[in-house]
Amino acid sequence: MPSIIEKLYKGSSFLELTKENESRLPSEKDIRKNYTLEILGTGLLKIIPNNVDSSHAYIISTAIHGNETAPIEIVDGILKDFFKGSLQICAPTLFIFGSPKSMNIQKRFVDFNLNRLFAGAWRNTKPCYETTRAEELEKVCYDFRNEFNKHQLAHYDLHTAIKPSKHEKFAIYPFAIERAKVSETQIAFMEDLGCEAVLFSKSKSTTFSCFSANELRAESFTVELGKVWPFGKNPTENFKKADDTLRSLLSGHYVTREKPSESLIKYDVHSSIIKQGSNFKFLYTKDVDNFESFAKDTPLYEDNGKIYKTEEDELALIFPNTDVEIGQRAGLLLRRRRND
Ligand SMILES: [Zn+2]
C-alpha cells in the first residue's frame, strides 16, 4: 500500500486525507532528496527543506474553527502545489489543520471553542474533543520549537470571522510577556496579507496565537481574513492577496518591509466583556458589524441586571457573541490609536 506521503506526491490532498481520517492519521516520516516530510497526526504535516539554511521557521495553522474555510483552502492549495513541485518551501514549516472533526460537520467547533483552550486551559476544562486536540497541538508545537530552537519562529493562525466587519481583514497581535518590542516588520507582513487593521492585546489569553507567542517565543498573530463561506464557495479574489503573500513567504521570495504603511489602522484593547450571567444581552437594536464604534454613555449590554454604558467616545466592539459560556468572553472593546 502506498504511504500517505507517496499519495500526496501522486496528487492526493492532505486536507481531504485529514477529513477522511478525522480521528487519526498514522505518523509517517519520509526523507527525500530536498525535503524531510513528517506526518505527525491527523491534520499535522511538517515540511523541512534539507538543503536550505533558513533562520526562519513557520507554523501555519487553519481550521482551529472548522467552518472557517478560506484559509483552509489556501493552505490546501499551497500544499498541493508543493507536492506537485510548483512551489518550493524554503524554511521548516509546520502546517496544522486544527479541528478535523469540526471541518467535517462544518461547524465552528464540536464541543468547545478550541481557540480558548491553549496555554494549558485544556487541563481545566471538562474533557472533550477540543481539549484532547488542544493538548495534541500544543505538544507538536513544543516539539517543533525544540527542534528549531535557534530559528526565528512565526506562527500565523488563520481564521475568518462569523460577523460582517468594518475592516474585512484584520490581525490580532497577542500579548507576550517577554516580547521586548513590537515587530514592525511582522505588522507590515499583516498588511501584506491584506489586513487593514491590527489589534494589540494587552493581556494574556488562552488563544493559540497567545500560547505560541508566550510559550514558543514566536511572533504570532491571529489573522482574520474575511467572512466565513462554505467549502468551495469562497470568492477566491477576496483571498488572493493573502494566498500570494503566504506563498511568497514560504518560498523565500517575500521581501520584508521595515514597517507598515501609514494607512494601517491600529487598535488597543480597552477591555474584555466577560459574560457573568445567563441573561447577558447586548442592548443595541440593529445588527452591528465588527469594529462598530459607540458614543460615550451608550448603553451597550446588560448582565446580571446591570447595564454597562461605554466609558468613552468611539470605543469599537468586536466579536460580540452572547452565545458563550458564563465566564467566557462575550466581546472586546477597542480604542483606535490616533497618532502613532
Ligand atoms: Zn476563527
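Q: Taking donors as N, O and S atoms within 2.8 Å of the metal (3.2 Å for Na, K and Ca), with water not among the atoms, so that sites may look incomplete, what spacing do the donors of the zinc ion follow along the chain?

A: The donors of the zinc ion are spaced as H-x2-E-x90-H. This is a predicted model, in which local features need pLDDT of at least 70 and side-chain atom pairs pLDDT 80 or more, while totals for chains, interfaces and linings use all residues. Residues are numbered from 1 along each chain as its sequence is written, and side-chain values use heavy atoms, with hydrogens and water left out.

Q: Which atoms are they, and how far from the zinc ion?

A: H65 and H159 each contribute ND1, and E68 is listed twice through OE. These protein donors lie 2.0 to 2.3 Å from the zinc ion.

Q: Are H65 and E68 buried or exposed?

A: Both H65 and E68 are buried, that is, under 20% relative accessible area, where exposed means over 50% and partly exposed lies in between (1.4 Å probe, protein chains only).

Q: Moving on to α7: how many of its residues are buried?

A: In α7, 7 of the 8 residues are buried, so the helix is mostly covered. They are F208, S209, C210, F211, S212, A213 and N214. Helices (H or I, at least four residues) and strands (E, at least two) are DSSP runs, numbered from the N terminus.

Q: What do those buried residues pack against?

A: The buried residues of α7 pack against the strands β4 (56–62), β5 (93–97), β6 (152–161) and β9 (219–227), and also against α5.

Q: And what is the backbone doing just after α7?

A: R217, which comes just after α7, takes a positive phi of about 50 degrees.

Q: Back to α5, then. Why does T131 count as buried?

A: T131 lies in helix α5, and T131 counts as buried because its relative accessibility is 5%.

Q: Which residues is T131 in contact with, leaving aside its neighbours within four places in sequence?

A: T131 is in contact (heavy atoms within 4.5 Å) with L117, W122, T125 and K126.

Q: Different residue: where is K84, and why is it called exposed?

A: K84 belongs to helix α3, which covers residues 69–84. K84 is exposed because its relative accessible area is 64%.

Q: How far is K84 from L8, in sequence and in space?

A: K84 and L8 are 76 residues apart in sequence, yet their C-alpha atoms are 8.8 Å apart in space.
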